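Subject: Structure handover

Hi,

Here is the structure I promised to pass on. Have a look at it first, and then read my notes underneath.

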Amino acid sequence: MTENRTTSRASRAFDDADYPAYTMGRAAEMLGVTPDFLRSLDAAGLLAPERSDGGHRRYSRTELTLAARVRELLDAGHTVLSAACRIAELERDLAAAHARLAELDSGGDHNQRVPR
């Protein structure tokens with residue numbers, strides 16, 4: 001019975017994209033970046049890796065996917081200014097989506113679906 005519970009827990013961990021399975025060294029190797037790059041994303045507040053009992057960072061697949069996307073954007077030549085402009089555009093779009101949802105919630109056309 002214990003083996004089945006252990007196997008089940010291990011299976012969930014393998015399937016869980018948020019499970020902190022990767023050390024900093026392994027994560028950096030997988031992404032082709034330096035550990036300093038990962039530390040900089042942590043310092044910027046973009047990533048929040050869990051810590052082992054010894055204090056070492058542990059990254060999930062979700063965090064590594066985000067880090068890889070940041071690396072791609074930087075490699076494509078995006079600057080701080082272009083990033084700030086994109087953030088402003090996305091904030092505007094998000095505010096419009098929230099306003100539309102509020103309109104629908106407050107008695108707008110309940111049969112109309114919000115596009116995703």
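What follows is a short tour of what turned up, from the overall layout to one helix and the core around it.

First, a caveat: this is a predicted model. The protein chain has five helices and three strands, and from the N terminus on the elements go α-β-α-α-β-β-α-α. Of its 116 residues, 17% count as buried. If you like contact statistics, take the contacts with a separation of 6 or more: residues 24 or more positions apart account for 52% of them.

Now the sheet. The three strands make an open sheet in the order β1-β3-β2, with antiparallel pairing. That leaves β1 and β2 (50-51) as the edge strands, each pairing on one side only. Two bridges join β1 to β3, and threonine 23 has arginine 58 in β3 as its bridge partner.

The helix I spent time on is α4, residues 61-75. At 1.5 Å a residue, its 15 residues should span 21 Å, and the end C-alpha atoms are indeed 21 Å apart, so the expected and computed lengths agree. Its buried residues are Glu63, Leu64, Ala67 and Val70. Seen down the helix axis, these fall within an arc of 120°, so they line one face of α4. The spacing idea behind that is the usual one: an α-helix has 3.6 residues a turn, so residues three or four places apart point the same way.

What sits over that face? The cover for the buried residues of α4 includes β1 (22-23), α2 (24-31), α3 (35-43) and β3 (57-59). As for orientation, α4 lies across β1 and β3, running at about 85° to β3. After α4 comes glycine 77, which has a positive phi, near 90°.

Three of those α4 residues turn up again in the core. The largest nonpolar core has 12 residues, among them Leu64, Ala67 and Val70, along with Met24, Phe37 and Tyr59. The elements giving two or more residues to this core are α2, α3 and α4.

Leucine 47 is also part of this core, and its neighbours are worth a click in your viewer. Not counting residues up to four places away in sequence, leucine 47 touches Leu38, Leu41, Asp42, Tyr59, Glu63, Leu66 and Ala67. Two of these contacts, Glu63 and Ala67, are on the list of buried α4 residues.

Cheers

Conventions
Residues are numbered from 1 along each chain as its sequence is written. This is a predicted model: local features need pLDDT of at least 70, side-chain atom pairs count only at pLDDT 80 or more; totals for chains, interfaces and linings use all residues. Side-chain values use heavy atoms; hydrogens and water are left out. Helices (H or I, at least four residues) and strands (E, at least two) are DSSP runs, numbered from the N terminus. The expected span of a helix is 1.5 Å times one less than its number of residues. Buried means under 20% relative accessible area, exposed over 50%, partly exposed in between (1.4 Å probe, protein chains only). The arc is that of the directions from the helix axis to the C-beta atoms. Contact means heavy atoms within 4.5 Å. Two strands pair if DSSP finds at least two bridges between them. Axes are lines fitted to C-alpha atoms, for helices over the stretch in contact, and angles run from 0 to 180 degrees between N-to-C directions. A nonpolar core is a set of buried Ala, Val, Leu, Ile, Met, Phe, Trp, Tyr and Cys residues joined through side-chain atoms within 4.5 Å.
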